[in-house]
Amino acid sequence: MKDVTGLHREFDGERLPPGQRETTAFPVLSKGETPEIDLETWECSVSGAVESPRTFSWGEFRELPHETQRQDFHCVTGWSRFDCEFTGVPFPVLADAVGVREEAVHVLFSAADGYTTDLPLADCMREDVLFAWELDGEPLPDDHGGPLRVVTPHKYAYKGAKWVDGVEFLTEPELGFWERRGYSETANPWREERYS
Ligand SMILES: Nc1nc2c(c(=O)[nH]1)N[C@H]1C(S)=C(S)[C@@H](COP(=O)(O)O)O[C@H]1N2
Ligand SMILES: [Mo]
């Protein structure tokens, strides 16, 4: 299994970012209710500044090349969970499947509960940014974003949309749900970029 729990070194930080405490529980943080999602009709649309915009059915998404990684998870409210095992599709694999155009600079993720979050394209084009459907060897629990969520181990976890069903490649930045409400656009845990 690929282990990316050492990625804090890239950011000149300790494994536990400043101001965080480690928890072995996995709290649920959602802005509202957990949406009901039917895999028969589930679709994820990939749109914007790409060569071949398309939607993926659940079966199509699961056929993309995928892998399991050991990752740490840092919530902006102050807890970190070490050694999560996520299985899914690395962001660059999805990007490759649609062909990202040169004008694309930013990405807006959207989700079935109306949540959105945004990141610069360069912050997404990392093998450790996963579209994940498994956690610790089990299907991703509904409350944690099942059937599919994004995980961003190099950012606070609000950058990872649970119940993700849209990925839009943008030519200009656009703010997501929490980013519009004062959370940091960059969200680097080792610099404690919590608020903007
Ligand atoms: N769709 C969606 N994704 C979301 C959220 C949300 O409310 N809706 N909350 C974010 C926040 S603030 C955090 S900390 C993590 C929490 O993930 P967890 O509930 O699996 O711990 O999901 C992020 N992704
Ligand atoms: Mo959060």
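Ala, Val, Leu, Ile, Met, Phe, Trp, Tyr, Cys and Pro count as nonpolar, Asp, Glu, Lys and Arg as charged, and the others, Gly among them, as polar. Keep that sorting rule at hand for the exercises below. The structure you are looking at is a predicted model.

**Exercise 1. Sort the lining of the second largest pocket by class.**

*Step 1.* Collect the residues. The lining consists of Pro 35, Glu 36, Ile 37, Leu 39, Trp 58, Arg 62, Trp 133, Pro 139, Leu 140, Asp 142, Gly 146 and Pro 147.

*Step 2.* Pick out the charged ones. By the rule, Asp, Glu, Lys and Arg are charged, and the lining includes Glu 36, Arg 62 and Asp 142.

*Step 3.* Place the glycine. Gly counts as polar, and Gly 146 is in the lining.

*Step 4.* Write the result: 8 nonpolar, 1 polar and 3 charged residues. The space they line comes to about 160 Å³.

*Step 5.* Look again at two of these names. Gly 146 and Pro 147 are joined by a cis peptide bond, with omega near 15 degrees. Pro 147 sits in the loop between strand 10 (138-139) and strand 11.

**Exercise 2. Describe the largest pocket by its volume, its lining and the residues nearest its centre.**

*Step 1.* Start with the volume, which is about 360 Å³.

*Step 2.* Turn to the lining. There are 21 lining residues, and those nearest the centre are Leu 29, Ser 30, Tyr 115, Tyr 158 and Trp 178.

*Step 3.* Add the classes: 13 of the lining residues are nonpolar, 4 are polar and 4 are charged.

**Exercise 3. Find out how many cavities of 30 Å³ or more the structure holds, and what lines them.**

*Step 1.* Recall how such space is found. Rolling a probe the size of a water molecule over the atoms shows where empty space is left.

*Step 2.* Count. The search of the whole structure gives 2 cavities of 30 Å³ or more.

*Step 3.* Take the largest cavity, with a volume of about 50 Å³. Its lining includes Asp 72, His 74, Arg 149 and Pro 153. Strand 5 and strand 11 (149-151) each contribute at least two lining residues. By class, the lining has 5 nonpolar, 3 polar and 3 charged residues.

*Step 4.* Take the second largest cavity, of about 40 Å³. Val 4, Thr 5, Leu 7, His 8, Asp 72, His 74, Pro 153 and Trp 190 line this one. They divide into 4 nonpolar, 3 polar and 1 charged.

*Step 5.* Look for a name to follow further. Asp 72 appears in the lining of the largest cavity and in that of the second largest cavity.

**Exercise 4. Is Asp 72 buried or exposed, and what does its side chain reach?**

*Step 1.* Locate the residue: Asp 72 belongs to strand 5 (residues 67-74).

*Step 2.* Apply the cut-off. Buried means under 20% relative accessible area, and Asp 72 counts as buried because its relative accessibility is 6%.

*Step 3.* Follow the side chain. One polar contact goes to the side chain of Arg 15, at 2.7 Å. The Asp 72 side chain also reaches the backbone nitrogen of Asp 83, at 3.0 Å.

*Step 4.* Widen the view. Beyond its neighbours within four places in sequence, Asp 72 touches residues including Thr 5, Arg 81, Phe 82 and Pro 153.

**Exercise 5. Asp 83 and Trp 163 each have a positive phi without being glycine. Where do they lie, and how covered is each one?**

*Step 1.* Begin with Asp 83, whose phi is about 60 degrees. Asp 83 is in strand 6 (residues 79-90) and is partly exposed, at 38% relative accessible area.

*Step 2.* Go on to Trp 163, whose phi is about 50 degrees. Trp 163 is in the loop between strand 11 and strand 12 and is buried, with a relative accessible area of 2%.

**Exercise 6. Work out which strands pair with strand 7, and which residues stand opposite Leu 108.**

*Step 1.* Check the strand itself. In strand 7 (residues 106-111), 5 of the 6 residues are buried.

*Step 2.* Name the partners. Strand 8 (residues 116-120) runs antiparallel to strand 7 and is joined to it by 5 bridges. Strand 12 (residues 164-170) is also antiparallel to strand 7, with 6 bridges.

*Step 3.* Place Leu 108. Opposite this residue stand Asp 118 in strand 8 and Glu 168 in strand 12.

*Step 4.* Finish at the turn. The hairpin of strand 7 and strand 8 has 4 residues between the strands, and Gly 114 there takes a positive phi near 90 degrees.

Technical notes: Residues numbered from 1 in each chain as written. Chains lettered and ligands numbered in written order. Predicted model: local features only at pLDDT ≥ 70, side-chain atom pairs only at ≥ 80, totals over all residues. Heavy atoms only, no water. 1 Å grid on protein atoms, 1.4 Å probe; cavity = no way out; pocket = protein on both sides within 12 Å on 5 of 7 lines; lining within 4 Å. Points joined across faces, edges and corners; volume = space filled by probe spheres on them. Buried < 20%, exposed > 50% of the residue type's maximum accessible area, 1.4 Å probe, protein only. Polar contact = N/O pair within 3.5 Å; in protein donor to acceptor, adjacent residues only side chain to side chain. Contact = heavy atoms within 4.5 Å. Pairing = 2+ DSSP bridges.
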